Amino acid sequence: MKSIAELDEIRKKTLDQLSIRSNEKGIKVVVAMATCGIAAGARPVMKAFIEEINKRNLNNVTVSITGCIGVCKMEPVVEILDKDGKKVTYVNMTPEKAERVVLEHIVNGNVCTDLTIGAQEGV
Amino acid sequence: MQLYRAHVLVCAGTGCTSSNSLKIMDEMEALLASNGLDSEVKIVKTGCFGLCAEGPIVVVYPEGAMYTRVEVSDVKEIVEEHLLKGRIVKRLLAGEKESEDISKSLEGVDFFNRQMRIALRNCGRINPEDINEYIAFDGYKALENVLTEMTPEAVIDEMKKSGLRGRGGGGFPTGMKWDFAAKQTADQKYVCCNADEGDPGAFMDRSVLEGDPHSVIEAMSIAGFAIGATQGYIYVRAEYPIAVKRLQLAIDQAIEYGILGDNVLGTGHKFNLEIRLGAGAFVCGEETALMTSIEGHRGEPRPRPPFPAVKGLWGKPTILNNVETYANVPVIILKGAEWFSGIGTEKSKGTKVFALGGKINNTGLVEVPMGTTLREVVYDIGGGIPKGKKFKAAQTGGPSGGCIPASHLDTPIDYDSLIALGSMMGSGGLIVMDEDNCMVDIAKFFLEFTVDESCGKCPPCRIGTKRMLEILERITEGKGAAGDIEMLELLAKNIKASALCGLGQTAPNPILSTLRYFRDEYEAHVFDKKCPAGVCKSMMKYTVDETKCKSCGICAKVCPMSCIKGEKKVPYVIDNSKCAKCGVCMEKCPFKAISKG
């Protein structure tokens, strides 16, 4: 038998998993996964995001995929949209970088400036 | 916790299941696995979305992209394009399929954004077989609040203030019903749920049970607390196998969680719930017959009073509410009576679910605030009449109700306005008829139903409805005589006044309301021996227009009765004594030379 407190715990936990189905605005991780992205290794990057977010029990973060956004030479490209729709574009991503972005950007709110498209353009 | 980057919701209501949604789910599962996506994408089985005409329905989140009329062969494209590459499959989207606008998600479709879903709040949103998903969307929170913060009197007071009226048809104030039962002293009281939905064309309760069974369980437990009952029964027809299965699963899960049992959530409240299966007799939807059937006897009504609230199941005080009524209860407790009574009209509060059927584009399930006009329901949400035909009437309330003609399309729908029009709200079946429907034939259809379903206990219903049906049969066969219409009216009046239960008392309604609005059609049948809509076959004749006939002989070739004769350069002739009135000649004639009338 469950107590009311336990029921509340279930409510909170399940709602996190279902946040994807509600219209509430949260942080969105969008991985570009067209042919170019997949070829450059976008899938392991996306999996790393999902794993990290799972590991840290983060609420209100969704991971989704999109098509080619046009900068194929910098794939894998990942965009992070915050609650207000402000966008940061990370390029040349790897699973290791993904871990860093989750920790620094999503958890602590500090953009990893050195990984963004602006910083990487000349690389 | 497991995060998935996408949820694929597949409708597993009865409508979509019958068009293969379970196979779609299997195919989806197999393809996700073979593409290595099964750890990223979750498949969720849901209840009815309501847009049954466009089923099977698949919705993909986070985009909220709603795919309609999905076939098993489309699954590959959805997986490979949308789920693997993030490209929405536009050709399968709801609404304008060619549209470039990919925001055609659930909320973007007219069918949904004009609705207000309270009773159907979770249908198509949660997995009905997972209690956690119900709990997540504030499920069982109303029960918690009631058990920890409210007194039974306060619950009843809240129900009274909300203005909720019975959604099963009668429209009796729910709070008042609970109050009567609460005031009785007895060693045992019962809470019953009427899920014996029997009106032809109605599937509201079925969809709630299939899509959100926990909401009914929660509400019944609240009702038990309010009136002091510890045992509940859900009477559901055995013809609803999916509903029965999910309901039983939900009850088992609720018992496991301690939500049903002798000490609900550790609060000391006791409430147990069992399912009772009905064998599909229409009369068992009548409250006294239903309770007799639960007791294990033959389902026959008994006179009232005493009302069930005083002497019901096994002679004990009992409340009996309909599925949709219960589905509203948790929301009223959570959001307050004031919020609920702010929706709807002066005397009819809240929303009503309608099952749209008949000659309408968006066959399905809709929930709208009381006071919405019939025109909005039929045209704006229902998508209008197929093939641009003209609206003739809508039948509400099934065999107990009546029809609403085109002249009253703009009447706001609520309990009282429908009664004033000679129809009734009923449980929510809404059958749309167009110019091709014969109203005498419609009345005959409903009478056939009530004659079939009459339990036979009282003579007015057993004999009276049979006599009315015989007259209607005569009229539709072109053998009507002067005085038949008046005899129908007399019988109707007497049956209404003398039948024992609601089934008999309302059985004449379809005749009375079609007579009220379409008397001319009856008269055309009786006096001119003509069926204006061309439905009643025995009065119909197919004729060849000699001026248009080019003697091609196609009609003679397709005629299954071989009753069309002719030769070159001579117009063909139909021998009506052998004609089976199948209409195939008219359909195939390339020169439109054949007409019926």
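This report walks through a predicted model with a chain A and a chain B, starting with the chains and ending with a few local details of the backbone.

## Chain A at a glance

Let us begin with chain A, which is built from five helices and four strands. Following the sequence from its start, these elements come in the pattern α-β-α-α-β-β-β-α-α. Measured out along the principal axes, the C-alpha atoms of chain A fill a box of roughly 60 × 30 × 25 Å.

Chain A has 123 residues, and 33% of them count as buried. Among the contacts in chain A with a separation of 6 or more, 67% are between residues 24 or more positions apart.

## The domains of chain B

Chain B is divided into five parts: domain 1 covers 6-113, domain 2 covers 131-341, domain 3 covers 351-434, domain 4 covers 439-527 and domain 5 covers 541-596. Take domain 3 and domain 4 of chain B as a pair to look at: their centres, taken over C-alpha atoms, are separated by 22 Å. Domain 3 of chain B brings eleven residues to the contact, and domain 4 of chain B brings 15 residues.

On the domain 3 side, strand 11 (391-396) and strand 12 (402-405) of chain B are the elements that give two or more residues. Strand 12 of chain B gives the most, with three residues. By type, the residues on this side of domain 3 are five nonpolar, six polar and no charged.

## Where the two chains meet

How many residues of chain B are in contact with chain A? There are 24 of them, and they touch 27 residues of chain A. On the chain B side, the elements that give two or more residues are strand 1 (6-11), helix 5 (131-136) and helix 6 (141-149).

Helix 5 of chain B supplies the largest share of this side, four residues. The chain B side as a whole divides into ten nonpolar, seven polar and seven charged residues.

## The nonpolar cores

The largest nonpolar core holds 212 residues, and the members that touch the most others are Val31(A), Phe49(A), Val58(B) and Ile222(B). Helix 10 (residues 213-227) of chain B provides the largest share of this core, nine residues. A second, separate core has eleven residues, including Tyr542(B), Val544(B), Ile564(B) and Ile574(B).

Val58(B) is a good place to zoom in. Setting aside neighbours within four places in sequence, Val58(B) is in contact with Val8(B), Leu9(B), Val10(B), Ile24(B), Tyr67(B), Val70(B) and Ile78(B).

## A sheet in chain B

Chain B contains an open sheet of four strands in the order 7-6-5-8, with parallel pairing. Strand 7 (272-278) and strand 8 (318-322) of chain B are the edge strands, each pairing on one side only. From one strand to the next, the twist averages 20 degrees.

Strand 6 (residues 231-237) and strand 7 of chain B pair in the parallel sense over seven bridges. One of the residues involved is Gly232(B), whose bridge partner in strand 7 of chain B is Leu273(B). Helix 13 of chain B packs on the sheet, where it touches strand 5 (190-195) and strand 8 of chain B, and its direction makes about 95 degrees with that of strand 8.

Just after helix 13 (323-335), in the loop that leads to helix 14 (337-341) of chain B, sits Gly336(B). Gly336(B) counts as partly exposed because 14 other C-beta atoms lie within 10 Å.

## Backbone details worth a look

Each chain offers a cis peptide bond to find. In chain A, the bond from Glu75(A) to Pro76(A) is cis, with omega near -10 degrees, and Pro76(A) lies in the loop between strand 2 (61-66) and strand 3 (78-81). In chain B, the bond from Gly55(B) to Pro56(B) is cis, with omega near -5 degrees, and Pro56(B) lies in the loop between strand 2 (41-46) and strand 3 (58-61).

Ser551(B), in the loop between strand 14 (542-544) and helix 22 (554-558) of chain B, has a positive phi near 55 degrees although this residue is not glycine. Lys592(B) has a positive phi near 50 degrees, again in a residue other than glycine, and is found in the loop between helix 23 (584-588) and strand 17 (594-596) of chain B.

Is Lys592(B) buried or exposed? Lys592(B) is exposed, because 9 other C-beta atoms lie within 10 Å. Ser551(B) counts as partly exposed, because 16 C-beta neighbours lie inside 10 Å.

Conventions. Residues numbered from 1 in each chain as written. Chains lettered and ligands numbered in written order. Predicted model: local features only at pLDDT ≥ 70, side-chain atom pairs only at ≥ 80, totals over all residues. Core = buried A, V, L, I, M, F, W, Y, C linked by C-beta atoms within 7 Å. Buried ≥ 20, exposed ≤ 12 C-beta atoms within 10 Å, placed from the backbone. Contact = placed C-beta atoms within 7 Å. Domains from an automatic or database assignment. Nonpolar A, V, L, I, M, F, W, Y, C, P; charged D, E, K, R; others polar. Pairing = 2+ DSSP bridges. Axes fitted to C-alpha atoms, helices over the stretch in contact; angles between N-to-C directions.
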